[in-house]
Amino acid sequence: MSLADLRREYIGQPLSESESDANPFVQFSRWFDQVRETEVDPTAMALATATRDGRPSVRNVLLKGVDDRGFVFYTNYNSRKAKDLTAIGRGSLMFYWRSLERQVRIDGRAEKVSAEESDAYFATRPIESRWSVYASRQSEVIESRDSLEARFSFARQEYGERVPRPAWWGGYRIVPEEFEFWQGRPSRLHDRLRYVKEASGIWRRERLAP
């Protein structure tokens with residue numbers, strides 16, 4: 001069997017203009033509440049970034065906060081994704097929830113969250129995850145696994161149970177300017193609703209061809 005022969009039919013529920021909410025944040029909340037019951041990790045989302053010269057990259061990160069300001073995740077500010085976000089000031093997110101045959105794509109501005117927000121979230125992380133922030137120079141080449149574990153042991157001995165958030169680690173918020181909600185449907189006639197934020201602040205909703 002070739003890859004071209006690997007197919008599946010999509011049988012998701014309709015996504016209509018009349019039943020979707022006019023506010024994309026409300027619509028996202030509706031879908032998220034539903035997939036929390038069916039997905040192993042509904043917070044997993046792909047983050048796409050690009051360098052100034054147009055070299056793209058994508059990776060999975062975890063959603064750690066969402067409100068009407070945007071979608072928040074946390075990272076090392078010296079990582080590749082953070083450097084891209086700082087240079088370009090934009091990012092794109094995508095959630096894929098296979099259990100209900102749905103995707104949500106979000107494009108928008110990228111901004112750092114406040115130090116207070118980063119401090120508050122950092123304090124909620126398991127202690128091992130706080131030590132690991134000091135152990136890992138994210139995205140840098142390292143000598144070996146042993147060297148990483150040695151740095152982890154050093155952080156554990158150095159900070160114990162009182163681990164301060166380092167200035168080079170914190171949150172980013174993607175402030176949406178566009179949403180797209182995709183629902184898999186039979187015969188590849190998928191439903192796609194796009195929300196675009198206009199200058200007035202109003203969200204324009206429109207249907208896209210699948």
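**Figure 1. Strand 5 and strand 6 of the predicted model pair in the antiparallel sense.** Strand 5 spans residues 90-97 and strand 6 spans residues 102-112, and eight bridges link the two. Within this pairing, Leu 93 stands opposite Ile 106 of strand 6. Another pair is formed by Phe 95 and Val 104, the latter being the bridge partner in strand 6. The two strands form a hairpin, with four residues lying between them. Glu 101 belongs to the turn of this hairpin and has a positive phi of about 55 degrees.

**Figure 2. Strand 6 also pairs with strand 7, and strand 5 also pairs with strand 1.** Strand 7 covers residues 169-183 and runs antiparallel to strand 6, with 11 bridges between them. One of the bridge pairs here consists of Gly 108 and its partner in strand 7, Pro 176. Strand 1 and strand 5 run antiparallel as well, and three bridges join them. In that pairing, Ala 48 has Ser 92 of strand 5 as its bridge partner.

**Figure 3. Helix 2 has a buried side and exposed residues on the other side.** Helix 2 consists of residues 80-88, and its buried residues are Lys 81, Ala 82, Asp 84 and Leu 85. These residues lie on the same side of helix 2 because they cover an arc of only 160 degrees around the axis. Lys 83 and Thr 86, by contrast, are exposed on the other side of the helix. Which strands are included in what covers the buried residues of helix 2? The cover includes strand 1 (44-50), strand 2 (56-62) and strand 4 (70-76), together with strand 5, strand 6 and strand 7. After helix 2 comes Gly 89, which has a positive phi near 75 degrees.

**Figure 4. Helix 4 carries six named residues that are buried: Ile 127, Arg 130, Trp 131, Val 133, Tyr 134 and Ala 135.** The helix itself spans residues 127-135. The cover over its buried residues includes two other helices, helix 3 (115-122) and helix 5 (145-159). Strand 7 is also part of that cover.

**Figure 5. Pro 24 is found in helix 1 and touches residues far along the sequence.** Helix 1 comprises residues 24-35. Is Pro 24 buried or exposed? Buried residues have under 20% relative accessible area, and Pro 24 therefore counts as buried at 0% relative accessibility. Apart from residues up to four places away in sequence, Pro 24 touches Phe 179, Phe 181, Tyr 195 and Trp 203. Pro 24 and Pro 176 are separated by 152 residues in sequence, yet their C-alpha atoms are 9.6 Å apart in space. Pro 176 is the residue already shown as the bridge partner of Gly 108.

**Figure 6. Trp 182 is a buried residue of strand 7.** The relative accessible area of Trp 182 is 12%. This value is under 20%, so Trp 182 is classed as buried. Which residues are in contact with Trp 182, leaving aside its neighbours within four places in sequence? The contacts are Tyr 10, Trp 31, Glu 101, Arg 102, Gln 103, His 190, Asp 191 and Arg 192. Among them, Glu 101 is the residue with positive phi in the turn between strand 5 and strand 6. Ala 150 offers a contrast: it is 32 residues from Trp 182 in sequence, but their C-alpha atoms are 45 Å apart in space.

**Figure 7. The whole protein places the close-up views in context, with five helices and nine strands.** In sequence order, these elements follow the pattern α-β-β-β-β-α-β-β-α-α-α-β-β-β. The C-alpha atoms fill a box of roughly 55 × 55 × 40 Å along the principal axes. Of the 210 residues, 42% are buried. Among contacts with a separation of 6 or more, 64% join residues 24 or more positions apart. The accessible surface amounts to about 12200 Å², and carbon and sulfur atoms contribute 50% of this area. The protein has 35 positive and 32 negative charges, and the mean positions of these two groups are 3 Å apart.

Methods
Residues are numbered from 1 along each chain as its sequence is written. This is a predicted model: local features need pLDDT of at least 70, side-chain atom pairs count only at pLDDT 80 or more; totals for chains, interfaces and linings use all residues. Side-chain values use heavy atoms; hydrogens and water are left out. Two strands pair if DSSP finds at least two bridges between them. Buried means under 20% relative accessible area, exposed over 50%, partly exposed in between (1.4 Å probe, protein chains only). The arc is that of the directions from the helix axis to the C-beta atoms. Contact means heavy atoms within 4.5 Å. Accessible areas come from the Shrake-Rupley method with a 1.4 Å probe; for residues, only the protein chains shown count as cover. Lys and Arg count as positive and Asp and Glu as negative; His and the chain ends are not counted. The place of a charge is taken as NZ of Lys, CZ of Arg, CG of Asp or CD of Glu.
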